[in-house]
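The following paragraphs lead the reader through one molecular structure. Please keep the sequence and the model in view while reading.

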Amino acid sequence: MLGSLIAEILVWQVSLSALWLVLIGRLEPLEVFAGLGCALLGAVAAVAARRAVSGW
């Protein structure tokens with residue numbers, strides 16, 4: 001159960017981070033760290049929302 005939760009968050013994290021980097025277009029360190037942080041928050045929110053809707 002915990003492994004699937006971590007895997008799901010990781011998939012969202014990678015997807016949202018890639019989207020952030022494509023949209024921002026530059027690779028300054030501060031921009032990368034901000035994108036990773038925002039992607040992590042979005043990943044946790046997406047997993048929490050999906051689990052709330054599915055009743056899991």
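A crossing of two helices is called right-handed if the near helix is turned clockwise from the far one by less than a right angle, and left-handed if it is turned anticlockwise. By that convention, the crossing of helix 1 and helix 2 in this predicted model is right-handed.

The geometry of this pair may be described further. Helix 1 covers residues 2-24 and helix 2 covers residues 29-54; their axes come within 8 Å and cross at roughly 135°. Helix 1 is therefore oblique to helix 2, because an angle counts as roughly antiparallel if it is over 145 degrees, as roughly perpendicular from 65 to 115, and as roughly parallel under 35, with the rest being oblique. Where helix 1 meets helix 2, the residues of the contact comprise 16 nonpolar, five polar and four charged ones.

Each helix may now be taken in turn. Helix 1 consists of 23 residues, and the distance from its first C-alpha to its last is 32 Å, close to the 33 Å expected at 1.5 Å a residue. Its buried residues are Glu8, Gln13 and Ser17, and helix 2 is included in what covers them. Just after helix 1 comes Gly25, which takes a positive phi of about 80°.

Glu8 deserves a separate look. Is this residue of helix 1 buried or exposed? Its relative accessibility is 16%, and a residue is buried if that value is under 20%; Glu8 therefore counts as buried. When its neighbours within four places in sequence are left aside, Glu8 is in contact with Val47, Arg50 and Arg51. Of these, Val47 and Arg51 appear among the buried residues of helix 2.

Helix 2 has 26 residues and spans 37 Å from its first C-alpha to its last, close to the 38 Å expected at 1.5 Å a residue. The residues buried in helix 2 are Glu31, Gly35, Ala39, Ala43, Ala46, Val47 and Arg51. What covers them includes helix 1.

The path ends here with Gly55, which lies in the segment after helix 2. Gly55 follows helix 2 with a positive phi, near 75°. At 68% relative accessibility, Gly55 counts as exposed, because the cut-off for that class is over 50%. Gly35, by contrast, is buried in helix 2. Gly55 and Gly35 are 20 residues apart along the chain, and their C-alpha atoms are separated by 30 Å.

Methods. Residues numbered from 1 in each chain as written. Predicted model: local features only at pLDDT ≥ 70, side-chain atom pairs only at ≥ 80, totals over all residues. Heavy atoms only, no water. Axes fitted to C-alpha atoms, helices over the stretch in contact; angles between N-to-C directions. Helix = DSSP H or I, 4+ residues; strand = E, 2+ residues; numbered from the N terminus. Nonpolar A, V, L, I, M, F, W, Y, C, P; charged D, E, K, R; others polar. Expected span 1.5 Å × (residues − 1). Buried < 20%, exposed > 50% of the residue type's maximum accessible area, 1.4 Å probe, protein only. Contact = heavy atoms within 4.5 Å.
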